[in-house]
Number of protein chains: 2
Amino acid sequence: MTQMKQALEGVITPEMQKVAQTEGLSEEYIAEGLSMGNVVIPANKERNNLKPVGIGQGLSTKVNANIGTSQKKSDSRLEIEKASTAVAAGADTLMDLSTGQDMDYIRKELLKNIELPLGTVPVYQAALKAWHEHDALVEMTAEDIFKAVEQHAGEGVDFVTVHCGVNLEAAERLKKSNRIVDIASRGGSFHLAWILHHEQENPLYADYDRLLEIALKYDVTLSLGDGFRPGSVVDATDRPQIQELVVLGELVKRARDAGVQVMVEGPGHVPIHQVEANIMMQKRICDNAPFYVLGPLVTDVAAGYDHIAAAIGGAVAASAGADFLCYVTPAEHLSLPDIQDVWWGVTASRIAAHAGDIGKGLPGALDRDEQMSRARKELNWEKMQNFALDSEGVALFKKREELSSGEACSMCGDYCAMKIIKDYLKR
Amino acid sequence: MTQMKQALEGVITPEMQKVAQTEGLSEEYIAEGLSMGNVVIPANKERNNLKPVGIGQGLSTKVNANIGTSQKKSDSRLEIEKASTAVAAGADTLMDLSTGQDMDYIRKELLKNIELPLGTVPVYQAALKAWHEHDALVEMTAEDIFKAVEQHAGEGVDFVTVHCGVNLEAAERLKKSNRIVDIASRGGSFHLAWILHHEQENPLYADYDRLLEIALKYDVTLSLGDGFRPGSVVDATDRPQIQELVVLGELVKRARDAGVQVMVEGPGHVPIHQVEANIMMQKRICDNAPFYVLGPLVTDVAAGYDHIAAAIGGAVAASAGADFLCYVTPAEHLSLPDIQDVWWGVTASRIAAHAGDIGKGLPGALDRDEQMSRARKELNWEKMQNFALDSEGVALFKKREELSSGEACSMCGDYCAMKIIKDYLKR
């Protein structure tokens, strides 16, 4: 029984209770969201150390951090350290995107040691196997793909990205389009290469029911990948992207009808004035399924600072209703992130998520800002450190500046507006 | 004759020619914008080394960087180095906000060595004098304030922030409000303290015509300060803020009638969903005067990362029509910035300005993104470095990763979507 099915039968699970408590909402609200499919709680039945997290309508915006090796850079200890960094920085969920040799080891270590919901992209595993055995990823079989999903599910992975919408129809639309960046999604490119090479339908689309069965068995939440997400702001909101979204909308319905928890992944690279429309469109076409956006980056030229380009897009997206932000680090497009990049990536996304929570009118979202502002007025640096989203960041400045409470910082010194006006404004 | 007056008389100045060339617009367009007051070119007649910059409707969004000493931290050489850093990072204008002993020296050095339009806040000079002579900033006289403006103007300062809207009426509104942070503007707090202490009208408001005369004589652009800008997102768009804006709208009209170039400063701290309304309101109330926003920060709890909170608000603001973004550094609210903070602050604001230019539909704004995306598709790291807003940032990663062109980065390695799809997608 998935969380969704239990909600439909009126059962309040411990996971629902925990989520309700964390969000400050009633258990009934959570259960209703789950039963409609507007809320998901990625919680694999095989996990036993999970801190459940709710994602969806009416809940605070969540932040995911990606870690994982590549063929070019494969240091499993470093990746596990990055996962701990992401947790310490305040990520809500974690995805292991490893494509290096030791992906099995890393995934198992994370499932054992990290309490956050864990997501993976099983097709990476299938592709890696084919690469090793046949020196060509397109040699992966439909069986390989489903087996990889079942393997991850059986181990306790809470949500999986599945690029079911990369189908023959969408590939045709891509060919007819004038995109600059044909495909930016790694998993999407695996499937697209496969269907073009074999001239056959994507197994995850052709045999979607088999995927639903696995999801149902373990209560793995499906995260419908956006293989055709724009990889340039110039390509945003084009026909291939929207074609795939239409297909994903149909697949959301089928998942829900089967009692499978499902969310939808979204762009990508989107100019700021198109972000709100993208959110509205996904919510409408996918009938309010939780929306998991990758950025979006509002420009392509911020390389080295893509956490900022993504924070801009993420904040606008969250404010417009996006539920779940995938972090982007300063290393995006240039390198695997290092530890510092992970910290900055999570923090930038948390700022965006919080700004979005204020924007979407989440009850209580402004409380922390109000407390921070009162602390500022009092020049109480201890309190400011506590209320800051990243206390460690403030601590570094406090040390650099030797700030003590009641004293103004070096920006204004004696000319601090807070100090000056206290003496003159009596109310 | 100010740039505005010359435009009204049909004269095309060298400054207009230069701005037209930089913006890729006709000289007539620039002249028309100037004559209506929708565009300003801050260019003091006493400057002889100025690279003119246009700010306003239809022009690319500009970025200002602040430098300057405080009483607590006064190292003039460091501040001058920060100014060079801001120029190297791509700032369009510079403001010297020094309140330390050597403010005269710093201002003169900047005017001599920097080609960007320079702005100051002359009331800091008047307040500093009063502090030294009487140990109380409220002891500054109306004469001190106007003399400071005239001094800066005579030396060649291109634009001055003048808090003319902090008047008795707005002070009364403030008293009746329930703001958390009464006043966040340093200059605003000086004026507010003064009018509350003396129970007299703000000289810059009471004798605004005298200010206009100085502005006219030197063609100093007035930047009408927002003394009551919200210092917390909880206070945003409240009665004191809007009361001041209404007054500023009247003062814009008087400046234009006198042929004085004028722009308007804006918030501050504003929740993301209120940003667009703030821009619309300013444009309407101030009859399309160029809008110079300070951030805005979309949350108060991003201390240590306020350049990101400001980039979010700045991008939304620019997209909605704001013309000029004041940078915010990671040190905001905590300390004077250091060299690295200045670089990051300028870069974050430039990302926001560029995202905003795309959002506001500036012709050609997407060109650079398109070139960057094509370079990405080719895995051409040299080109990517060239098209990045901050080439040095990309250079650092290139070095760290030993990236060579044609090769995928460590994020995906052999599984790079760009590489994979090239082999399979024939069009």
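Begin by selecting chain A and chain B together and showing their surfaces: in this predicted model, the area buried between the two chains is about 9100 Å², and carbon and sulfur atoms give 68% of that area. Next, pick out Val301(A), Tyr305(A) and Tyr415(A), since these are worth seeing as a group: they supply 9% of the area that chain A buries against chain B, more than any other three residues.

Now widen the selection to every residue in contact across the boundary, which brings up 108 residues of chain A and 108 residues of chain B.

Turn then to the charged and polar links, where the count between chain A and chain B is 10 salt bridges. To look at one of them, select Arg400(A) and Asp338(B) and show their side chains, which meet in a salt bridge with 3.2 Å from N to O. Between the two chains there are also 40 residue pairs in polar contact, with both residues at pLDDT 80 or more.

Which helix of chain A gives the most to the side that touches chain B? Select residues 339–359 of chain A, and you will have helix α15, which gives 11 residues to that side. If you colour the whole of this side by residue type, it divides into 61 nonpolar, 24 polar and 23 charged residues.

Finally, step back and view both chains as a pair: chain A can be laid on chain B with an RMSD of 0.0 Å, by a turn of 180 degrees and a shift of 0.0 Å along the axis. The two copies are therefore related as by a two-fold rotation axis. To find the place where chain A comes nearest to this axis by its C-alpha atoms, select Ile312(A), whose C-alpha lies 2.2 Å from it. The same surface serves both copies, for 100% of the contact residues of chain A recur in chain B.

Methods: Residues numbered from 1 in each chain as written. Chains lettered and ligands numbered in written order. Predicted model: local features only at pLDDT ≥ 70, side-chain atom pairs only at ≥ 80, totals over all residues. Heavy atoms only, no water. Contact = heavy atoms within 4.5 Å. Buried area = accessible area lost by both parts, 1.4 Å probe. Salt bridge = Lys/Arg side-chain N within 4 Å of Asp/Glu carboxyl O. Polar contact = N/O pair within 3.5 Å; in protein donor to acceptor, adjacent residues only side chain to side chain. Helix = DSSP H or I, 4+ residues; strand = E, 2+ residues; numbered from the N terminus. Nonpolar A, V, L, I, M, F, W, Y, C, P; charged D, E, K, R; others polar. Least-squares fit on C-alpha atoms with pLDDT ≥ 70 in both.
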